[in-house]
Amino acid sequence: MSPEEAVRGNAPHQLEAFKMYIDGEWCESASGRWLETRNPYTGKAWAVIPRGGADDIDRAVRAANRAFVSGPWASMHPSDRGLLLSRVAELIAANAERLAELEVRDNGKLKVEMLGQMRYLPRWFQYFGGLADKIEGRMPPTDKKGMLHYVSYEPVGVVGAITPWNSPLLLTVWKLAPALAAGNTVVIKPSEFASTSLLALVELFAQAGFPRGVINVVTGLGAETGEPLVEHPLVDRIAFTGGNLAGRKIYEAAARQFKRVSLELGGKSPNIVFADASIEDAVKGVISGIFAASGQTCMAGSRLLLHSSIHDAFLARLVEVMSAARLGDPNSPDTDVGPVATEQQLGKVLQYIELAKQEGARCILGGRRATRPECGDGWFVEPTIFADVTNDMRIAREEVFGPVLSVIKFDTDDEAIALANDTPFGLAAGLWTTDLARAIAMPKRLRAGTVWVNAYRVVSYLSPFGGFKESGLGRENGIEAIYEYLEAKSVFINPTPSISNPFTLQ
């Protein structure tokens, strides 16, 4: 059965069909083609989405540009923008269950985590909705006698947002809420592997009363929709979350037109356990860092830096706990580890596991595709731990994006810092200690955008998130995020023009 047949209803078992959202209307792609979206737990297609192209992107961008330069959104008072965002927050809260169900179908994450995420999402719209009318200019002093001088902050324009499959709604909202609060319009290109929850979210924006053209979603493949979005001359800013290779290409393409860019990219984040740490608490923190979400988070604590004096005891306890982890249906509240999100990702993770074995790392847990009955035909990888890893191995330097942990020994605080910072990435880091002096001193020495002490995978709408080095550019969340979507404008007003020499700097 082809996706086209499913949408036309000619097949005996019809797939659920979703449409794109452009200029306030639900529509198919200009080509009339479709893409299947598959459930990672079953491996089977359950829905189809439009396979958009350059024509669809052009239509969406032009709609966003019209909405930005004229019409109700362009003239809307910031307080009213904030009220619209507050309405969206209420609608998300009321539809959290449906949004969570779609996320689980698309990317295989645990229902319990997705439902918690969906119930937390309204906070972003409440927070940035509250900031919408608090973007205030400045009137700094000027040395130009008799002139009035002020600085104002204005929206950038049309924002192109390209979002990933691992947390599609959360990572889209990180861009959408501040961009809209600042007065921009948006065209979103979601991952072709996880688009349905975003399309359901956009329906709530329509219900909230957002003017047409303010938010547009074009689904499809990266080369067919992502590239035209980045290169479109009416797109003023690109906000991307994803892998480093794609991020580099986007950065290069955007630079040719001097577009503003933010990139939230990958990581190889260290989770450092010192000798004085509580082993039970740190074991839980390590599990949260790498095995929650099946390791499919950019902030995953994929390198465990372990003090040599507790190395053996800690690993024994970690293996004991993870050996009892339950794999299976992500909708079940009893499941601890779900599948990886795509068949391609399954293959990539298994390749890295084999590479680690070839490099000489010692596999002390897992190391295979999970074939337990409760995993069915899903794309499951056994939680995997490698000991005897050195920091020059590829398994310690490259992002696997799966439930694979590399364990590296250290003896001193300085050695731990050197190992932690010896990476091309700098997104996040965790450390576990009961020494208050160490807890205060260490974060400053770690080259990472977020540092957790006796915690891991903690994010908030109140706190900026982003990376150092190859982990990206710019910040999402917190008050810093709204300034990513604003331009500063300096204005000088001379009430009594009197230019003495027009050929010199005044």
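Two strands are said to pair if DSSP finds at least two bridges between them. Helices (H or I, at least four residues) and strands (E, at least two) are themselves DSSP runs, numbered from the N terminus. On those terms, strand 7 (residues 158-162) and strand 8 (residues 185-189) run parallel and are joined by 5 bridges. Within this pair, Val158 sits opposite Thr185 of strand 8.

A word on the ground rules. The model is a predicted one, so local features need pLDDT of at least 70 and side-chain atom pairs count only at pLDDT 80 or more, while totals for chains, interfaces and linings use all residues. Residues are numbered from 1 along each chain as its sequence is written, and side-chain values use heavy atoms, with hydrogens and water left out.

Taken as a whole, the protein has 18 helices and 20 strands. Its C-alpha trace spans about 80 × 65 × 40 Å along the principal axes. The radius of gyration is 24 Å, which agrees with the value near 23 Å for a compact globule of 506 residues. That radius is taken over C-alpha atoms, and the globule rule is 2.2 Å times the number of residues to the power 0.38. Contacts (heavy atoms within 4.5 Å) reach well along the chain: of those with a separation of 6 or more, 72% link residues 24 or more positions apart. Buried residues make up 55% of the 506, where buried means under 20% relative accessible area, exposed means over 50%, and partly exposed lies in between (1.4 Å probe, protein chains only).

As for the surface, the protein exposes about 20900 Å², and carbon and sulfur atoms supply 52% of that. The areas come from the Shrake-Rupley method with a 1.4 Å probe; for residues, only the protein chains shown count as cover. There are 52 positive and 58 negative charges, and their mean positions are 3 Å apart. In this count Lys and Arg are positive and Asp and Glu negative, with His and the chain ends not counted; each charge is placed at NZ of Lys, CZ of Arg, CG of Asp or CD of Glu.

Back to strand 8: 5 of its 5 residues are buried, leaving the strand mostly covered. Thr185, Val187 and Lys189 point one way and Val186 and Ile188 the other, and all are buried. As a rule, side chains in a regular strand alternate between the two faces of the sheet.

Further towards the N terminus there is an open sheet of 3 strands, with order 1-5-4 and mixed pairing. Strand 1 (16-17) and strand 4 (34-38) are its edges, each pairing on one side only. Strand 5 (residues 45-50) pairs with strand 4 in the antiparallel sense over 5 bridges, and with strand 1 in the parallel sense over 2 bridges. Ala47 of strand 5 has a partner in each of these pairings: Glu16 stands opposite Ala47, and so does Thr37. Arg38, meanwhile, faces Ala45 in strand 5. The hairpin of strand 4 and strand 5 has 6 residues between the strands, and there Gly43 takes a positive phi near 75°. Strand 5 is largely enclosed by the rest of the structure, because 5 of its 6 residues are buried.

Positive phi also turns up in residues other than glycine. Asp23 has phi near 55° and lies in the loop between strand 2 (20-22) and strand 3 (25-27). Asn454 also has phi near 55°, and is placed in the loop between strand 18 (450-453) and strand 19 (472-473). Their surroundings are another matter: Asp23 counts as buried at 17% relative accessibility, whereas Asn454 counts as partly exposed at 41%.

Among the helices, helix 7 (residues 122-131) has 7 of its 10 residues buried, so the rest of the structure largely encloses helix 7. The buried residues are Pro122, Trp124, Phe125, Tyr127, Phe128, Gly129 and Leu131. Their cover includes helix 4 (78-94), helix 6 (111-120), helix 8 (168-181), helix 9 (196-208) and helix 18 (478-483).

Lastly, Ile238 belongs to strand 10 (residues 237-241) and is buried, with a relative accessible area of 0%. Leaving aside residues up to four places away in sequence, Ile238 touches Gly160, Leu229, Val230, Ile250, Lys259, Arg260, Val261 and Ser262. The C-alpha atom of Ile238 is separated by 34 Å from that of Asn391, 153 residues apart along the chain.
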